[in-house]
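Keep the sequence and the model side by side. We will go through the sheets, the cores, a helix and then the empty spaces.

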Amino acid sequence: MTHGHDAGAGATRVPPVPPVPPVPPIPPTQRSEPRPGRQRALLAAVLAAVVALSVAIYVGVAADDGTRGRASGPAGQAPPGAAAPASTGAWVGAWSASPAAAEPGTAAKGLAGRSVRNVVHAGVGGTSARVTLSNLYGTTPLTITHATLALADSGGGAAVADGTLRRLTFSGAARVVVPAGGQVLSDAVRLRVPYGSDVLVTTYSPSPSGPVTYHPHARQTSYLATGDRTEDTTGAGYTPTPYWRYLSALDLFSNEAEGTVVVLGDSITDGATSTPDTNRRWTDVLAARLRTAVEQGRDVPRYSVVNQGISGNRVLTGGQAGGRGGPADNPSGLDRFDRDVLGRTNVRAVVIDLGVNDILRSSALADPDAILDGLRALVARAHARGLKVTGATLMPFGGHRGYSDAREAVRQRINAEIRAGRVFDAVADLDKALRDPYDPRRLRADYDCGDHLHPSDQGYARMAQAVDLDDLKGAAPARL
């Protein structure tokens with residue numbers, strides 16, 4: 001099943017107001033002598049009926065974000081059997097993570113007989129929730145017999161907050177089979193999810209499924225347990241794990257946001273060196289900035305932000321598929337753009353920060369024009385969907401083990417084209433924001449995690465500050 005995108009991308013078709021029935025003729029005994037008071041009362045009643053009918057139609061349309069009564073599909077509609085949202089709003093991405101690879105050591109049995117409790121952070125609040133489960137790297141169908149969603153207890157760990165556990169269904173059934181290479185979208189469940197809360201999504205599979213689809217650099221502690229413990233609220237049977245497995249998206253029906261910003265990137269966007277379990281990736285800070293600006297009454301988009309970073313990712317080249325016959329681990333930006341960006345729920349704007357690994361990981365000196373062409377191809381795909389793209393300049397890596405003057409020249413060439421406006425619709429100059437003013441080939445010391453490539457927590461916060469929120473407004477420029 002393809003995970004949908006913008007549930008409200010097109011204009012909502014408002015049904016025409018039905019004609020008002022003709023007023024019955026007045027009997028002759030009443031018609032012989034006109035009575036203005038009675039006529040005025042009759043006219044007022046007719047007008048009141050028309051107004052009431054129009055209001056009813058308007059409210060019905062306003063409460064429908066394009067998801068009501070439709071099957072799940074490419075436009076991000078609610079799946080069959082979904083719970084009706086508790087309020088008006090729109091489906092938006094609250095969290096996501098790109099399927100990155102097949103987990104080593106799981107090729108034979110997968111995680112048969114074990115419960116996976118993923119912990120994810122909600123970047124927006126909402127009143128109903130649904131999830132996407134991925135078996136992208138599986139070579140056989142993945143059978144999930146039981147799945148739940150809950151808020152995490154304030155004490156942390158794998159425990160569930162009182163009264164928040166919800167059973168997940170898929171087209172009305174508790175059991176779902178995710179085909180090899182595919183994904184499924186759950187039905188919606190009613191649960192008030194506050195902004196900034198941690199959400200627990202737990203799945204149980206009783207049978208071997210082959211390689212487990214996972215996201216290794218989560219920077220978030222999740223949990224595993226033996227047996228079906230999907231409804232265990234204590235968390236006592238769970239042990240910590242540093243990975244996200246199977247889960248690739250959490251959507252919320254929200255009145256806090258009307259669309260989603262998707263950020264495509266590598267380990268820097270993945271937050272690879274941020275402090276674990278603190279949500280200090282630069283995308284987390286960007287989401288908080290947008291929320292604060294809206295609360296302050298600024299004219300900025302009411303968008304959530306989702307993170308589609310994969311550590312080691314490149315624009316042009318993906319990893320090796322190995323002998324499993326499945327997709328390549330760590331697929332290139334070009335290969336995964338349709339799924340990881342255009343396939344997100346209600347996407348309204350795109351931010352791209354890719355290219356540094358094309359420079360650092362190339363056995364030969366990278367061709368800057370090839371990288372630029374790849375970035376322009378991503379922009380063209382976004383434009384074809386009417387989406388505006390903000391692009392980041394590549395940050396310095398002086399002092400890193402892969403640094404050379406020749407590679408620095410490639411970085412400078414790419415950044416010059418980006419700054420000149422010949423790649424993206426808008427520019428977030430992350431290079432300028434984080435470089436050392438006394439040695440522009442390096443990150444500023446307090447923004448450097450220590451490896452001279454990845455930012456510190458302070459550096460990630462500075463990245464988010466470098467994005468002009470006004471640049472996220474609007475759509476793709478019109479083609480001439």
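What follows is a walk through this structure, which is a predicted model.

Start with the six-stranded sheet. Its strands run in the order β7-β6-β11-β3-β13-β14. The sheet is open, and the pairing is antiparallel. At the edges stand β7 (166-167) and β14 (239-241). Each has a single partner strand, so one side of each is left without a neighbour in the sheet. As a general point, strands of a sheet pair through backbone hydrogen bonds, either parallel or antiparallel.

Now look at β11, residues 198-205. On one side is β3, residues 114-121, and the two strands share eight bridges in the antiparallel sense. Find D198 in β11: its bridge partner is H121. Further along, T203 in β11 stands opposite V116. On the other side is β6, residues 146-151, joined to β11 by six bridges. This pair also runs antiparallel. T203 turns up again here, since A147 stands opposite T203 in β11. Seven of the eight residues of β11 are buried, so this strand is largely enclosed by the rest of the structure.

A second open sheet has three strands, in the order β2-β12-β15. Its pairing is antiparallel. The edge strands are β2 (101-102) and β15 (244-245), and each pairs on one side only. Two bridges join β2 to β12, residues 213-215. To locate this pairing, look for A101, which stands opposite Y214 in β12.

Next, the cores. In soluble globular proteins, nonpolar side chains tend to be buried together. The largest nonpolar core here has 37 residues. Those with the most contacts inside this core are V131, L149, L168, V199 and L250. Take L149 as a way in. Leaving aside neighbours within four places in sequence, L149 is in contact with V131, L168, V199 and L250, among others. The contacts of L149 also include A129, T164, L165, R166, V189, L191, L200 and V201. Apart from this core lies another, of 31 residues. Among its members are I359, I414, V423 and L453. Remember L453, as this residue will come back.

Move on to helix α5, residues 333-342. Buried here are G333, R336, F337, D340, V341 and L342. An α-helix has 3.6 residues a turn, so residues three or four places apart point the same way. What covers the buried residues of α5? The cover includes the strands β17 (259-265), β18 and β19 (347-353), along with helix α7 (368-384).

Strand β18 also leads to the empty spaces inside the model. There are four cavities of 30 Å³ or more. The largest has a volume of about 220 Å³. Its lining has 19 residues, and nearest its centre lie W95, S96, R281, D284 and N307. Three elements give two or more residues to this lining: β1 (90-96), α4 (282-295) and β18 (303-309). The largest share, four residues, comes from β18. By type, the lining of the largest cavity divides into eight nonpolar, eight polar and three charged residues.

The second largest cavity has a volume of about 60 Å³. Its lining is made up of D266, I268, D353, V356, L394, M395, P396 and L453. Six of these count as nonpolar, none as polar and two as charged. Here L453 is back: this member of the 31-residue core also lines the second largest cavity.

Finally, turn to the second largest pocket. About 260 Å³ of space lies in this pocket. It is lined by 17 residues, and the closest to its centre are N357, R361, R401, L453 and H454. So much for the centre; which elements give two or more residues to the lining? They are α3 (267-270) and α6 (356-360). The largest share, three residues, comes from α6. The lining of this pocket divides into five nonpolar, eight polar and four charged residues.

One residue ties these last stops together. L453 belongs to the 31-residue core, lines the second largest cavity and is among the residues closest to the centre of the second largest pocket.

Methods
Residues are numbered from 1 along each chain as its sequence is written. This is a predicted model: local features need pLDDT of at least 70, side-chain atom pairs count only at pLDDT 80 or more; totals for chains, interfaces and linings use all residues. Side-chain values use heavy atoms; hydrogens and water are left out. On a 1 Å grid over the protein atoms alone, a cavity is a set of points where a 1.4 Å probe fits but cannot get out, and a pocket is an open set with protein on both sides within 12 Å along at least five of seven lines; lining residues have an atom within 4 Å of a point. Grid points are joined across faces, edges and corners, and a volume is the space filled by probe spheres set on the points. Ala, Val, Leu, Ile, Met, Phe, Trp, Tyr, Cys and Pro count as nonpolar, Asp, Glu, Lys and Arg as charged, and the others, Gly among them, as polar. A nonpolar core is a set of buried Ala, Val, Leu, Ile, Met, Phe, Trp, Tyr and Cys residues joined through side-chain atoms within 4.5 Å. Buried means under 20% relative accessible area, exposed over 50%, partly exposed in between (1.4 Å probe, protein chains only). Contact means heavy atoms within 4.5 Å. Two strands pair if DSSP finds at least two bridges between them.
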